[in-house]
Amino acid sequence: MGGYQDANYYRVSPCLIVVGSWCCRLILFVIWLPTFLHVTAQESHADHRRTTSLVELAKEPTSGDSGLFDPIEISPSVIPKVPFPTESVPPMYPIPYVPTRYEPVLTGKCPVNFSRPEISNILDKAAFDCFGPLASLVGNVVCCPQFSSLIHIFQGFFGMKSNNLVLSNAVADHCFSDIVSILASRGANNTIPTLCSIKSSNLTGGSCPVKNDSTFERTVNTSKLVEACRTVDPLKECCRPVCRPAIMDAALQISGRQMMINNDNMAGEMNHTDYLNDCKGVVYSYLSKQLSSEVANKAFRILSACKVNKVCPLTFKEPSDVIAVCKNVAAPSPTCCSSLNTYIAETQQKILITNKQAIICATQFGSMLRGGGVMTNVYELCDVDLKDFSIQAFGVQDAGCLLRSLPGDVIFDNSSGVSFTCDLSDNIAAPWPSSSSFTSLSFCAPEMSLPALPISQSLKNIGCNSAGVGFLVIFTFFVSIVVLRF
(Lines give C-alpha, C1' and ligand atoms only; values in the text may rest on other atoms or scores of the structure.)
Protein backbone atom coordinates (compact mmCIF):
# COMPACT_ATOMS: atom_id res chain seq x y z
CA MET A 1 0.00 0.00 0.00
CA GLY A 2 2.83 2.39 0.83
CA GLY A 3 4.61 1.70 -2.44
CA TYR A 4 1.35 2.37 -4.30
CA GLN A 5 0.98 5.73 -2.59
CA ASP A 6 4.56 6.69 -3.44
CA ALA A 7 3.95 5.85 -7.07
CA ASN A 8 0.89 8.07 -7.12
CA TYR A 9 2.77 10.83 -5.35
CA TYR A 10 5.51 10.99 -7.97
CA ARG A 11 3.17 10.41 -10.92
CA VAL A 12 3.43 13.30 -13.37
CA SER A 13 0.20 14.91 -14.57
CA PRO A 14 -0.99 13.49 -17.89
CA CYS A 15 -1.30 17.07 -19.10
CA LEU A 16 2.53 17.40 -18.89
CA ILE A 17 3.37 14.04 -20.48
CA VAL A 18 0.99 13.72 -23.39
CA VAL A 19 2.30 16.10 -26.01
CA GLY A 20 -0.92 15.94 -27.98
CA SER A 21 -3.09 17.40 -25.19
CA TRP A 22 -4.36 20.94 -25.49
CA CYS A 23 -2.73 22.02 -22.24
CA CYS A 24 0.72 20.90 -23.33
CA ARG A 25 0.34 22.50 -26.73
CA LEU A 26 -0.57 25.76 -25.08
CA ILE A 27 2.32 25.52 -22.61
CA LEU A 28 4.79 24.74 -25.39
CA PHE A 29 3.46 27.70 -27.36
CA VAL A 30 3.95 30.01 -24.38
CA ILE A 31 7.52 28.67 -23.90
CA TRP A 32 8.28 29.13 -27.60
CA LEU A 33 6.74 32.61 -27.82
CA PRO A 34 9.56 34.61 -26.15
CA THR A 35 12.18 32.91 -28.37
CA PHE A 36 10.35 34.15 -31.45
CA LEU A 37 9.36 37.64 -30.35
CA HIS A 38 11.77 40.31 -29.19
CA VAL A 39 9.69 42.54 -27.00
CA THR A 40 11.28 45.80 -26.00
CA ALA A 41 9.61 48.39 -23.82
CA GLN A 42 10.22 51.81 -25.30
CA GLU A 43 9.60 55.10 -23.64
CA SER A 44 7.56 57.44 -25.80
CA HIS A 45 7.34 61.14 -25.29
CA ALA A 46 4.31 63.15 -26.19
CA ASP A 47 4.88 65.65 -28.94
CA HIS A 48 2.66 68.58 -28.04
CA ARG A 49 2.97 70.00 -31.50
CA ARG A 50 0.98 67.05 -32.86
CA THR A 51 -2.00 67.48 -30.59
CA THR A 52 -2.59 71.19 -30.57
CA SER A 53 -6.01 71.06 -32.20
CA LEU A 54 -8.58 68.76 -33.74
CA VAL A 55 -7.76 70.32 -37.09
CA GLU A 56 -4.17 69.15 -36.85
CA LEU A 57 -5.31 65.68 -35.81
CA ALA A 58 -7.58 65.49 -38.83
CA LYS A 59 -4.79 66.30 -41.31
CA GLU A 60 -3.36 63.46 -43.35
CA PRO A 61 0.09 62.47 -42.00
CA THR A 62 2.98 63.26 -44.28
CA SER A 63 5.73 60.86 -45.24
CA GLY A 64 8.22 60.23 -42.51
CA ASP A 65 6.00 61.72 -39.86
CA SER A 66 3.67 58.83 -39.18
CA GLY A 67 4.68 58.46 -35.56
CA LEU A 68 4.42 55.20 -33.67
CA PHE A 69 1.46 53.87 -35.70
CA ASP A 70 0.62 54.27 -39.35
CA PRO A 71 -2.87 55.54 -40.16
CA ILE A 72 -5.61 52.96 -40.63
CA GLU A 73 -7.96 53.57 -43.52
CA ILE A 74 -11.61 52.70 -42.82
CA SER A 75 -14.25 52.81 -45.49
CA PRO A 76 -17.13 55.15 -44.57
CA SER A 77 -19.57 52.41 -45.56
CA VAL A 78 -18.65 50.27 -42.57
CA ILE A 79 -18.94 53.06 -40.01
CA PRO A 80 -22.27 52.79 -38.18
CA LYS A 81 -24.42 55.87 -38.54
CA VAL A 82 -26.11 55.29 -35.20
CA PRO A 83 -23.74 55.66 -32.23
CA PHE A 84 -25.71 53.40 -29.91
CA PRO A 85 -27.17 50.06 -31.06
CA THR A 86 -30.21 50.44 -28.82
CA GLU A 87 -31.30 53.74 -30.32
CA SER A 88 -33.96 53.90 -32.98
CA VAL A 89 -33.19 54.56 -36.59
CA PRO A 90 -35.12 57.33 -38.41
CA PRO A 91 -37.55 58.16 -39.84
CA MET A 92 -40.04 59.54 -37.38
CA TYR A 93 -43.64 59.74 -38.49
CA PRO A 94 -45.29 62.83 -36.98
CA ILE A 95 -49.03 63.37 -36.78
CA PRO A 96 -49.63 67.14 -36.89
CA TYR A 97 -52.19 67.09 -34.13
CA VAL A 98 -51.77 68.39 -30.61
CA PRO A 99 -54.18 66.67 -28.22
CA THR A 100 -56.47 69.01 -26.34
CA ARG A 101 -56.51 68.61 -22.60
CA TYR A 102 -59.49 69.26 -20.42
CA GLU A 103 -60.43 68.82 -16.79
CA PRO A 104 -61.79 65.30 -16.28
CA VAL A 105 -64.97 64.53 -14.39
CA LEU A 106 -64.03 62.12 -11.62
CA THR A 107 -66.23 59.97 -9.41
CA GLY A 108 -64.92 61.52 -6.22
CA LYS A 109 -64.92 58.06 -4.64
CA CYS A 110 -61.32 57.06 -5.36
CA PRO A 111 -59.15 58.20 -2.40
CA VAL A 112 -56.05 58.96 -4.47
CA ASN A 113 -54.32 62.23 -5.28
CA PHE A 114 -53.76 61.84 -9.03
CA SER A 115 -51.68 65.01 -9.15
CA ARG A 116 -48.79 63.37 -7.26
CA PRO A 117 -45.76 63.21 -9.61
CA GLU A 118 -45.18 59.47 -9.08
CA ILE A 119 -48.59 58.67 -10.58
CA SER A 120 -49.23 61.75 -12.74
CA ASN A 121 -46.07 61.19 -14.81
CA ILE A 122 -47.05 57.60 -15.57
CA LEU A 123 -50.55 58.77 -16.50
CA ASP A 124 -49.01 61.26 -18.96
CA LYS A 125 -46.85 58.55 -20.51
CA ALA A 126 -49.83 56.21 -20.90
CA ALA A 127 -51.95 59.02 -22.39
CA PHE A 128 -49.34 59.68 -25.10
CA ASP A 129 -48.73 55.99 -25.78
CA CYS A 130 -52.48 55.42 -26.14
CA PHE A 131 -53.12 58.66 -28.04
CA GLY A 132 -56.57 58.52 -29.66
CA PRO A 133 -55.91 57.91 -33.39
CA LEU A 134 -52.75 55.85 -32.71
CA ALA A 135 -53.99 53.59 -29.91
CA SER A 136 -55.22 50.80 -32.18
CA LEU A 137 -52.11 51.03 -34.40
CA VAL A 138 -49.59 50.62 -31.56
CA GLY A 139 -51.83 48.79 -29.11
CA ASN A 140 -49.96 45.49 -29.12
CA VAL A 141 -46.48 46.97 -28.77
CA VAL A 142 -46.79 50.36 -27.05
CA CYS A 143 -50.24 51.27 -25.71
CA CYS A 144 -51.35 48.10 -23.93
CA PRO A 145 -47.96 47.34 -22.33
CA GLN A 146 -47.87 50.89 -20.93
CA PHE A 147 -51.49 50.81 -19.78
CA SER A 148 -50.88 47.47 -18.06
CA SER A 149 -47.80 48.92 -16.35
CA LEU A 150 -49.87 51.91 -15.21
CA ILE A 151 -52.47 49.61 -13.59
CA HIS A 152 -49.74 47.70 -11.71
CA ILE A 153 -48.08 50.89 -10.50
CA PHE A 154 -51.37 52.45 -9.46
CA GLN A 155 -52.27 49.32 -7.51
CA GLY A 156 -49.05 49.58 -5.53
CA PHE A 157 -49.35 53.35 -5.18
CA PHE A 158 -52.85 53.00 -3.73
CA GLY A 159 -51.61 50.81 -0.88
CA MET A 160 -48.38 52.70 -0.27
CA LYS A 161 -49.44 53.90 3.19
CA SER A 162 -51.30 50.76 4.19
CA ASN A 163 -50.79 47.03 4.49
CA ASN A 164 -52.90 46.32 1.42
CA LEU A 165 -51.72 45.13 -1.96
CA VAL A 166 -55.13 45.23 -3.67
CA LEU A 167 -58.27 47.37 -3.84
CA SER A 168 -61.76 46.35 -2.80
CA ASN A 169 -64.21 45.70 -5.63
CA ALA A 170 -66.20 48.92 -5.13
CA VAL A 171 -63.15 51.18 -4.83
CA ALA A 172 -61.50 49.43 -7.78
CA ASP A 173 -64.49 50.28 -10.00
CA HIS A 174 -64.33 53.96 -9.05
CA CYS A 175 -60.56 54.27 -9.38
CA PHE A 176 -60.47 52.43 -12.70
CA SER A 177 -63.16 54.75 -14.05
CA ASP A 178 -61.17 57.77 -12.87
CA ILE A 179 -57.98 56.47 -14.52
CA VAL A 180 -59.72 56.04 -17.88
CA SER A 181 -61.31 59.51 -17.57
CA ILE A 182 -57.97 61.16 -16.77
CA LEU A 183 -56.28 59.42 -19.71
CA ALA A 184 -59.07 60.52 -22.07
CA SER A 185 -58.79 64.10 -20.79
CA ARG A 186 -55.11 64.03 -21.76
CA GLY A 187 -55.72 62.82 -25.31
CA ALA A 188 -55.86 59.03 -24.91
CA ASN A 189 -58.38 56.78 -26.60
CA ASN A 190 -61.33 56.10 -24.28
CA THR A 191 -61.64 52.51 -25.52
CA ILE A 192 -58.32 51.41 -23.98
CA PRO A 193 -59.89 48.91 -21.52
CA THR A 194 -61.52 47.04 -24.42
CA LEU A 195 -58.47 47.35 -26.67
CA CYS A 196 -56.15 45.97 -23.97
CA SER A 197 -58.61 43.57 -22.26
CA ILE A 198 -58.00 45.14 -18.85
CA LYS A 199 -60.81 45.57 -16.32
CA SER A 200 -61.25 47.04 -12.85
CA SER A 201 -61.00 43.52 -11.42
CA ASN A 202 -57.30 43.57 -12.27
CA LEU A 203 -56.88 45.91 -9.29
CA THR A 204 -58.56 43.58 -6.78
CA GLY A 205 -56.23 40.60 -6.73
CA GLY A 206 -59.11 38.37 -7.81
CA SER A 207 -58.90 34.88 -6.37
CA CYS A 208 -55.33 35.17 -5.08
CA PRO A 209 -55.31 34.16 -1.39
CA VAL A 210 -52.60 36.67 -0.42
CA LYS A 211 -53.60 40.34 -0.55
CA ASN A 212 -51.53 42.18 2.06
CA ASP A 213 -47.89 42.96 2.76
CA SER A 214 -47.49 40.99 5.97
CA THR A 215 -48.72 37.68 4.54
CA PHE A 216 -46.80 38.26 1.33
CA GLU A 217 -43.53 38.88 3.16
CA ARG A 218 -44.00 35.78 5.31
CA THR A 219 -44.46 33.64 2.22
CA VAL A 220 -42.00 35.07 -0.30
CA ASN A 221 -38.30 35.83 -0.19
CA THR A 222 -38.97 39.51 -0.88
CA SER A 223 -35.35 40.66 -0.85
CA LYS A 224 -34.53 38.19 -3.63
CA LEU A 225 -37.62 39.24 -5.60
CA VAL A 226 -36.95 42.98 -5.38
CA GLU A 227 -33.26 42.59 -6.19
CA ALA A 228 -34.08 40.49 -9.26
CA CYS A 229 -36.35 43.21 -10.66
CA ARG A 230 -34.60 46.34 -9.47
CA THR A 231 -32.36 46.51 -12.55
CA VAL A 232 -33.74 44.69 -15.59
CA ASP A 233 -31.43 44.47 -18.59
CA PRO A 234 -33.48 45.00 -21.78
CA LEU A 235 -31.19 42.72 -23.81
CA LYS A 236 -30.46 39.93 -21.34
CA GLU A 237 -33.89 39.59 -19.72
CA CYS A 238 -35.51 38.16 -22.84
CA CYS A 239 -32.80 35.50 -23.26
CA ARG A 240 -31.57 34.78 -19.76
CA PRO A 241 -34.42 36.10 -17.60
CA VAL A 242 -33.92 37.09 -13.98
CA CYS A 243 -36.95 39.20 -13.03
CA ARG A 244 -39.60 37.16 -14.83
CA PRO A 245 -38.84 33.83 -13.10
CA ALA A 246 -38.62 35.63 -9.76
CA ILE A 247 -42.14 37.00 -10.29
CA MET A 248 -43.45 33.60 -11.36
CA ASP A 249 -41.85 31.90 -8.38
CA ALA A 250 -43.41 34.42 -5.99
CA ALA A 251 -46.81 34.01 -7.68
CA LEU A 252 -46.58 30.23 -7.35
CA GLN A 253 -45.78 30.51 -3.66
CA ILE A 254 -48.59 32.87 -2.71
CA SER A 255 -51.11 31.05 -4.91
CA GLY A 256 -50.61 27.84 -2.96
CA ARG A 257 -49.60 25.96 -6.08
CA GLN A 258 -46.06 25.49 -4.82
CA MET A 259 -47.34 23.70 -1.75
CA MET A 260 -49.43 21.34 -3.86
CA ILE A 261 -46.48 20.62 -6.14
CA ASN A 262 -44.24 19.88 -3.17
CA ASN A 263 -46.82 17.53 -1.65
CA ASP A 264 -47.59 15.85 -5.00
CA ASN A 265 -51.24 16.17 -4.12
CA MET A 266 -52.90 17.29 -7.33
CA ALA A 267 -56.12 15.29 -6.86
CA GLY A 268 -59.24 17.38 -7.04
CA GLU A 269 -57.29 20.52 -7.96
CA MET A 270 -59.29 23.18 -9.76
CA ASN A 271 -58.03 25.09 -12.76
CA HIS A 272 -55.18 27.12 -11.31
CA THR A 273 -54.60 29.52 -14.20
CA ASP A 274 -56.84 32.25 -12.79
CA TYR A 275 -55.27 31.93 -9.36
CA LEU A 276 -51.80 32.23 -10.83
CA ASN A 277 -52.61 35.25 -13.01
CA ASP A 278 -54.30 37.03 -10.12
CA CYS A 279 -51.32 36.35 -7.88
CA LYS A 280 -48.91 37.67 -10.51
CA GLY A 281 -50.86 40.93 -10.30
CA VAL A 282 -50.31 40.96 -6.53
CA VAL A 283 -46.57 40.40 -7.06
CA TYR A 284 -46.48 43.35 -9.48
CA SER A 285 -48.28 45.45 -6.88
CA TYR A 286 -45.70 44.57 -4.22
CA LEU A 287 -42.84 45.45 -6.57
CA SER A 288 -44.53 48.79 -7.33
CA LYS A 289 -44.50 49.59 -3.61
CA GLN A 290 -40.82 48.74 -3.27
CA LEU A 291 -39.49 50.40 -6.43
CA SER A 292 -39.86 53.93 -7.71
CA SER A 293 -42.50 54.43 -10.37
CA GLU A 294 -39.84 55.05 -13.03
CA VAL A 295 -37.87 51.90 -12.16
CA ALA A 296 -41.00 49.78 -11.91
CA ASN A 297 -42.36 51.09 -15.21
CA LYS A 298 -39.10 50.36 -17.00
CA ALA A 299 -39.00 46.82 -15.63
CA PHE A 300 -42.64 46.09 -16.49
CA ARG A 301 -42.26 47.45 -20.02
CA ILE A 302 -39.19 45.28 -20.65
CA LEU A 303 -41.05 42.19 -19.44
CA SER A 304 -43.93 43.03 -21.78
CA ALA A 305 -41.54 43.53 -24.70
CA CYS A 306 -40.02 40.10 -24.14
CA LYS A 307 -43.49 38.59 -24.29
CA VAL A 308 -44.91 40.38 -27.34
CA ASN A 309 -41.78 39.79 -29.44
CA LYS A 310 -42.11 36.02 -29.17
CA VAL A 311 -45.20 35.72 -31.36
CA CYS A 312 -46.61 37.16 -34.56
CA PRO A 313 -49.67 39.31 -33.80
CA LEU A 314 -51.11 38.78 -37.29
CA THR A 315 -53.69 36.12 -38.14
CA PHE A 316 -53.01 34.28 -41.40
CA LYS A 317 -55.99 32.75 -43.16
CA GLU A 318 -55.47 29.85 -45.55
CA PRO A 319 -53.51 31.34 -48.52
CA SER A 320 -55.11 29.06 -51.10
CA ASP A 321 -55.35 31.81 -53.75
CA VAL A 322 -51.68 32.68 -53.38
CA ILE A 323 -50.63 29.03 -53.50
CA ALA A 324 -52.65 28.43 -56.64
CA VAL A 325 -50.86 31.12 -58.68
CA CYS A 326 -47.40 30.86 -57.07
CA LYS A 327 -46.98 27.10 -56.83
CA ASN A 328 -44.97 26.54 -59.99
CA VAL A 329 -43.33 29.91 -60.59
CA ALA A 330 -39.59 30.08 -61.12
CA ALA A 331 -39.33 33.71 -62.24
CA PRO A 332 -41.10 36.92 -61.28
CA SER A 333 -44.77 36.54 -62.14
CA PRO A 334 -47.17 39.53 -62.13
CA THR A 335 -50.09 37.27 -61.21
CA CYS A 336 -48.25 35.62 -58.33
CA CYS A 337 -46.80 38.88 -56.98
CA SER A 338 -50.14 40.68 -57.20
CA SER A 339 -51.89 37.91 -55.28
CA LEU A 340 -49.07 37.75 -52.70
CA ASN A 341 -48.97 41.51 -52.11
CA THR A 342 -52.76 41.71 -51.83
CA TYR A 343 -52.81 38.92 -49.25
CA ILE A 344 -50.08 40.53 -47.14
CA ALA A 345 -51.75 43.95 -47.30
CA GLU A 346 -55.05 42.47 -46.10
CA THR A 347 -53.31 40.55 -43.31
CA GLN A 348 -51.61 43.62 -41.85
CA GLN A 349 -54.80 44.33 -39.90
CA LYS A 350 -53.81 48.00 -39.79
CA ILE A 351 -51.37 47.65 -36.91
CA LEU A 352 -47.71 48.44 -36.44
CA ILE A 353 -45.45 45.56 -35.41
CA THR A 354 -41.82 45.28 -34.32
CA ASN A 355 -38.91 44.07 -36.40
CA LYS A 356 -38.76 40.80 -34.47
CA GLN A 357 -42.47 40.23 -34.88
CA ALA A 358 -42.09 40.85 -38.61
CA ILE A 359 -39.42 38.16 -38.86
CA ILE A 360 -41.68 35.68 -37.10
CA CYS A 361 -44.67 36.65 -39.27
CA ALA A 362 -42.68 36.31 -42.49
CA THR A 363 -41.32 32.93 -41.46
CA GLN A 364 -44.73 31.69 -40.35
CA PHE A 365 -46.45 32.76 -43.57
CA GLY A 366 -43.60 31.39 -45.70
CA SER A 367 -43.96 28.03 -43.96
CA MET A 368 -47.65 28.00 -44.88
CA LEU A 369 -46.78 28.65 -48.52
CA ARG A 370 -44.15 25.92 -48.54
CA GLY A 371 -46.64 23.54 -46.96
CA GLY A 372 -48.98 24.26 -49.88
CA GLY A 373 -46.30 23.44 -52.44
CA VAL A 374 -44.66 26.83 -53.10
CA MET A 375 -40.99 25.86 -53.09
CA THR A 376 -39.59 28.98 -54.77
CA ASN A 377 -38.65 31.97 -52.65
CA VAL A 378 -41.51 34.20 -53.76
CA TYR A 379 -40.44 36.84 -51.24
CA GLU A 380 -37.34 37.40 -53.34
CA LEU A 381 -39.17 37.17 -56.67
CA CYS A 382 -41.79 39.72 -55.58
CA ASP A 383 -39.49 41.98 -53.53
CA VAL A 384 -41.31 41.38 -50.23
CA ASP A 385 -39.61 43.16 -47.35
CA LEU A 386 -40.03 42.84 -43.60
CA LYS A 387 -41.76 46.21 -43.40
CA ASP A 388 -44.47 44.93 -45.74
CA PHE A 389 -45.89 42.96 -42.81
CA SER A 390 -46.45 46.19 -40.88
CA ILE A 391 -48.93 48.88 -41.83
CA GLN A 392 -47.81 51.27 -44.53
CA ALA A 393 -47.42 54.79 -43.13
CA PHE A 394 -50.66 56.61 -43.79
CA GLY A 395 -51.41 54.40 -46.77
CA VAL A 396 -48.27 55.39 -48.69
CA GLN A 397 -46.77 52.36 -50.40
CA ASP A 398 -43.07 51.70 -49.73
CA ALA A 399 -43.30 53.76 -46.55
CA GLY A 400 -43.77 50.93 -44.11
CA CYS A 401 -42.60 51.16 -40.55
CA LEU A 402 -41.33 48.56 -38.12
CA LEU A 403 -41.23 49.53 -34.48
CA ARG A 404 -38.18 48.63 -32.45
CA SER A 405 -38.28 45.51 -30.32
CA LEU A 406 -37.08 47.37 -27.23
CA PRO A 407 -39.78 49.27 -25.31
CA GLY A 408 -40.67 52.55 -27.01
CA ASP A 409 -43.12 55.37 -26.47
CA VAL A 410 -45.14 57.75 -28.58
CA ILE A 411 -43.35 61.10 -28.57
CA PHE A 412 -45.08 64.42 -28.03
CA ASP A 413 -43.78 67.76 -29.25
CA ASN A 414 -45.57 71.10 -29.01
CA SER A 415 -44.70 72.02 -32.59
CA SER A 416 -45.10 68.73 -34.48
CA GLY A 417 -47.65 67.01 -32.24
CA VAL A 418 -47.34 63.30 -31.57
CA SER A 419 -45.05 60.94 -33.43
CA PHE A 420 -43.53 57.49 -33.28
CA THR A 421 -40.09 56.33 -34.32
CA CYS A 422 -39.46 53.51 -36.76
CA ASP A 423 -36.67 51.05 -36.15
CA LEU A 424 -35.92 50.24 -39.78
CA SER A 425 -36.00 52.69 -42.65
CA ASP A 426 -34.32 50.60 -45.36
CA ASN A 427 -35.61 47.64 -47.33
CA ILE A 428 -34.67 44.41 -45.57
CA ALA A 429 -35.77 41.29 -47.41
CA ALA A 430 -38.25 39.03 -45.66
CA PRO A 431 -36.64 35.68 -44.71
CA TRP A 432 -37.84 32.64 -46.64
CA PRO A 433 -38.13 29.54 -44.40
CA SER A 434 -36.11 26.43 -45.10
CA SER A 435 -39.02 24.05 -44.43
CA SER A 436 -42.78 23.93 -44.22
CA SER A 437 -42.81 23.15 -40.50
CA PHE A 438 -42.90 26.34 -38.48
CA THR A 439 -41.22 26.29 -35.09
CA SER A 440 -40.70 29.09 -32.62
CA LEU A 441 -37.77 31.35 -33.41
CA SER A 442 -35.12 32.41 -30.94
CA PHE A 443 -33.30 35.72 -31.26
CA CYS A 444 -30.85 34.80 -28.51
CA ALA A 445 -27.21 34.02 -29.18
CA PRO A 446 -26.10 30.59 -27.88
CA GLU A 447 -23.93 32.18 -25.21
CA MET A 448 -26.98 34.11 -23.95
CA SER A 449 -29.05 30.96 -23.61
CA LEU A 450 -26.56 28.72 -21.83
CA PRO A 451 -24.89 29.34 -18.46
CA ALA A 452 -21.21 30.18 -18.62
CA LEU A 453 -18.78 27.52 -17.45
CA PRO A 454 -16.06 28.34 -14.91
CA ILE A 455 -12.60 28.55 -16.44
CA SER A 456 -11.50 25.34 -14.74
CA GLN A 457 -14.50 23.45 -16.13
CA SER A 458 -13.94 24.92 -19.60
CA LEU A 459 -10.32 23.80 -19.60
CA LYS A 460 -11.30 20.36 -18.35
CA ASN A 461 -13.56 20.05 -21.37
CA ILE A 462 -10.52 20.32 -23.66
CA GLY A 463 -8.48 17.71 -21.79
CA CYS A 464 -6.86 19.37 -18.76
CA ASN A 465 -7.22 18.15 -15.21
CA SER A 466 -7.08 20.43 -12.18
CA ALA A 467 -3.36 19.95 -11.64
CA GLY A 468 -2.64 20.85 -15.24
CA VAL A 469 -4.86 23.91 -15.01
CA GLY A 470 -3.15 25.18 -11.89
CA PHE A 471 0.30 24.65 -13.39
CA LEU A 472 -0.78 26.29 -16.64
CA VAL A 473 -2.06 29.46 -14.93
CA ILE A 474 1.08 29.85 -12.78
CA PHE A 475 3.45 29.03 -15.61
CA THR A 476 1.74 31.38 -18.07
CA PHE A 477 1.90 34.21 -15.54
CA PHE A 478 5.60 33.56 -14.98
CA VAL A 479 6.43 33.45 -18.69
CA SER A 480 4.42 36.65 -19.27
CA ILE A 481 6.55 38.43 -16.69
CA VAL A 482 9.73 37.13 -18.31
CA VAL A 483 8.63 38.29 -21.75
CA LEU A 484 7.80 41.79 -20.54
CA ARG A 485 10.93 41.97 -18.39
CA PHE A 486 13.41 41.04 -21.10
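Start with the whole protein shown as a surface: it exposes about 28100 Å², and carbon and sulfur atoms supply 58% of that area. Accessible areas come from the Shrake-Rupley method with a 1.4 Å probe, and for residues only the protein chains shown count as cover. The model is predicted, so local features need pLDDT of at least 70 and side-chain atom pairs count only at pLDDT 80 or more, while totals for chains, interfaces and linings use all residues. Residues are numbered from 1 along each chain as its sequence is written, and side-chain values use heavy atoms, with hydrogens and water left out.

Switch to cartoon. The protein has 21 helices and three strands; these are DSSP runs numbered from the N terminus, with helices being H or I of at least four residues and strands E of at least two. Of the 486 residues, 40% are buried (under 20% relative accessible area; exposed is over 50%, partly exposed in between; 1.4 Å probe, protein chains only). Taking contacts (heavy atoms within 4.5 Å) between residues at least 6 apart in sequence, 80% join residues at least 24 apart.

Next, select F147, F154, L183, F216 and L225. In the largest nonpolar core, which has 76 residues, these touch the most other members. A nonpolar core is a set of buried Ala, Val, Leu, Ile, Met, Phe, Trp, Tyr and Cys residues joined through side-chain atoms within 4.5 Å. Helices that each supply at least two residues of this core include helix 5 (117-129), helix 6 (139-158) and helix 7 (169-185). Helix 6 gives the most, with ten residues.

Centre on F147. Leaving aside neighbours within four places in sequence, F147 is in contact with C130, F176, I179, L183, I192, P193, C196 and I198. Apart from the largest core lies another, of 31 residues, among them F316, F365, V378 and L386.

Now show helix 5 and helix 7 alone. They pack at an angle of about 60 degrees with their axes 9 Å apart (axes are lines fitted to C-alpha atoms, for helices over the stretch in contact; angles run from 0 to 180 degrees between N-to-C directions). L123, A126 and A127 of helix 5 meet I179, I182 and L183 of helix 7 in this contact.

Finally, select Q357, in helix 17 (residues 355-371). Is Q357 buried or exposed? Q357 is buried, with a relative accessible area of 0%. Beyond its neighbours within four places in sequence, Q357 is in contact with N140, V141, V308, N309, V311, C312 and P313.
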